[in-house]
Every structure is written in structure tokens, then in C-alpha cells.
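Colleague: I have a protein model open and would like to learn how to read it. Could we go through it one feature at a time?

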Amino acid sequence: MAIAKAERLMNLALCLLGTRRPLSKRELRESIEAYLEASSDDSFNRMFERDKDDLRELGLVIETVENLDGEVGYLARRDSNRLPPITLDAEEAAALGLAAKVWQHARLAGAASGALQKLRAAGLPEDVDPYEAHGALEPRIPVHEAAFEPLMLACRDRRPVAFDYRKATAARPEPRLVEPWALECWRGHWYLAGWDRDRGAERVFRLSRITGKVRTRGGKYTAQVPDVVTVRETVAGWAGDIADRSALIRLRSGSGYPLRAKAASVRELGDGWDELEIPYGHGLDAWLVEFGPDVVVLEPAELRADVVDRLRAVAKG
């Protein structure tokens, strides 16, 4: 069955590349044996549309042209489907291989492998093996959230999305309608930055708090998409990496190493506790909650109150 489909796709690609004028569905059906064997017109139409989509997914540029009589035809111009020679030096090839290796541990593994094969066909040196086990670098980007792939596609295609989102301080999720801008990985967690239509402001959403399916919505964006650097700064600020003051916390000895790495000062208190002065910015309360009973906020009072509220919301379920 797989061989038959591959042969059918090859024949369709050859027909579309070999013609100088658009070919109608009728002409394509008469030219390809597998289409002639279709049991009905509906069966042929479904088969043709799937094959056309598969070829486009593989990178073939297929044009749809309507003639003066209103009949639709298809062709793949050679000049639109010809790549210039790709020449890569050792550093560029290594960077591409490293990028492909990163996504082997995420939901984009299939796309990364396909892209690498296309690059090899276009000139990527054969001696570059991005999957070799003895490499000095072992980059990994973990992606466990089911929302990642539909949100990635929505960011790429500029499509609004709807999903249910549970804030850390809320017991139940709430519906959100968002114009997605970009996805960013921060401290091992994935975040979506975008425009929240209901609130009329930019927002950052942690993917692990999205519940249910991500649904796409029609229509154009209503807010201007900022530069990618601005989006990264937004995520950094939301995740607490842009700090304008300090907080004082107690931390259980032998725990909370990420907090210790950021601490401006550490003082032993005895009885298994240390006192740390750490940078305080937006999102620090959500980060501290992740350390559970190993952290106690001393000051400022508003940070302590935010952490207590989050812990109570978690306790309520």
C-alpha cells in the first residue's frame, strides 16, 4: 500500500512538473493509472486532494490556475521548484545538525528529521551526523504539553486561538481568546505570549496550565504583533527574571539550588534553614510556590500574601 501511494505521488509530481500549461482534474485522472482505477468520482477527488496536500507538504509548489472558461487547472513550474546550490561550511553544517538534534527530544522530531533529509539532498555534508551519541553537546528541549503543537502552528499562521486556562491562584480554568505571538522556553517551562482579546492586553500563558484542546478561530489579528525581542522580554518579565527590588526568604538547607544560584546573599540560620536575599520581579510568587514547604517568604508582605494565596488555591484543587 505504501509503495502504491509513493508511486502515485511520483506520477502526479511528474505530470505537474512536465506540463507547460495547467492540467485539469480530468486530464490528470486520464494520465495516471491509479486515478483511472478509482471506483467513483468522489473517491478520485478525495485521493487527488490528499495527494496534492502531501506533495505540498513535501515542498512542491503547486499552482492553481483558472482559465477563461472557469475550469481549474494545476501545474508545478520548474523555476518555482528549483533550489539554488546550498553550500555550507563546517560551522554552519554543525549548527544545523545541532538544531535537528535538539528537536529529536520534542514533538517536532518528525519535522526535524524530514528537514534534515531535505538538507542532505540539497548539499548538507554526509559526514555531519547530528544524532551521534558521542557529541560534546547534548541539547534537549522537553515538550510534554499537548498544547505546544497547535499553538506553534497558530503562531506561524497568525490564527487566533481559544483555550481553557487555569491560573495558579484559581481553582477552576477560565476560557481565553488569544492572538498568539510566540512560544518561549523559560526555566524548563514553555510560555505563550500573545494578545488577550477579552482583557484587551498582552498576556503570557504557561502551557502546563492550559486544559483541554486548543481551538483555532477565524478572523485577522486585532493587535499589532511586536518584535520577537520584545516578546522575549515580556516572557522574561512575566517569569520573574526582570527584577527591580529584593525579597528575603527562608530556604531549607540542601534544597532550592536554582534560588541559591540567584541569591545576592546567603546566611545560615541553623536548625536546617538558611536566609536568602533574592531578586524580586513579576512572577516570583509562582516560582516560589514550586518549592513547596522548603520556602518561607519573610518580606515583602505583598509577596508573602501572593504566595499564600497560590498555596491555598492549590490546596483547594
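**Reading the model**

Modeller: Start with one residue: Asp 274 is found in strand E11, which covers residues 273-281. Keep in mind that this is a predicted model.

Colleague: Is Asp 274 buried or exposed?

Modeller: The cut-off for buried is under 20% relative accessible area. Asp 274 has a relative accessibility of 8%, so it counts as buried.

Colleague: Which side chain makes a polar contact with that of Asp 274?

Modeller: The side chain of Arg 260 does, at 3.0 Å. Leaving out residues up to four places away in sequence, Asp 274 also touches others, including Ile 249, Leu 251, Val 266 and Leu 269.

Colleague: For contrast, where is Asp 244, and is that residue buried or exposed?

Modeller: Asp 244 is found in strand E9, residues 243-252. Exposed means over 50% relative accessible area. Asp 244 counts as exposed because its relative accessibility is 66%. The chain also brings distant positions together here: Asp 244 and Pro 279 are 35 residues apart along the chain, and their C-alpha atoms are separated by 7.3 Å.

Colleague: Back to E11. Which strand pairs with E11, and in what sense?

Modeller: Strand E10, residues 265-270, pairs with E11 in the antiparallel sense, over 5 bridges. In that pairing, Arg 267 stands opposite Glu 275 of E11. The two strands form a hairpin with 2 residues between them, and in the turn Asp 271 has a positive phi of about 60 degrees.

Colleague: How should I think about side chains along a strand?

Modeller: In a regular strand, side chains alternate between the two faces of the sheet.

Colleague: In what order do the strands of the open sheet come?

Modeller: The order is E7-E6-E5-E4-E8, 5 strands with antiparallel pairing. E7 (201-206) and E8 (210-216) are the edge strands, each pairing on one side only. From one strand to the next, the twist averages 40 degrees.

Colleague: How many bridges join E4 to E5?

Modeller: There are 5 bridges between E4 (residues 161-165) and E5 (residues 174-186), and the two run antiparallel. For example, Tyr 165 has Glu 174 in E5 as its bridge partner.

Colleague: Which strands does helix H7 lie across?

Modeller: H7, residues 148-157, lies across E4, E5, E6 (189-196) and E8, and runs at about 90 degrees to E5.

Colleague: What should I look for in a core?

Modeller: In soluble globular proteins, nonpolar side chains tend to be buried together. The largest nonpolar core here has 18 residues, and Leu 12, Leu 16, Leu 28, Tyr 35, Phe 48 and Leu 55 touch the most other members. Helices H1 (2-18) and H4 (41-57) each supply at least two residues of this core. H1 gives the most, with 5 residues. Apart from this core lies another, of 17 residues, among them Leu 276, Leu 284, Val 295 and Val 307.

Colleague: Which elements have the lowest and the highest mean pLDDT?

Modeller: Helix H6 (residues 109-122) has the lowest, 60, and E4 the highest, 95. For the protein chain the mean pLDDT is 80, with 75% of its residues reaching 70 or more.

Colleague: Where does pLDDT stay under 50?

Modeller: That happens over residues 133-138, where the model has 4 contacts beyond four places in sequence. Where pLDDT is low, the predicted coordinates should not be read in detail.

Note on methods: Residues numbered from 1 in each chain as written. Heavy atoms only, no water. Pairing = 2+ DSSP bridges. Helix = DSSP H or I, 4+ residues; strand = E, 2+ residues; numbered from the N terminus. Axes fitted to C-alpha atoms, helices over the stretch in contact; angles between N-to-C directions. Contact = heavy atoms within 4.5 Å. Buried < 20%, exposed > 50% of the residue type's maximum accessible area, 1.4 Å probe, protein only. Polar contact = N/O pair within 3.5 Å; in protein donor to acceptor, adjacent residues only side chain to side chain. pLDDT = per-residue confidence, 0-100. Core = buried A, V, L, I, M, F, W, Y, C linked by side-chain atoms within 4.5 Å.
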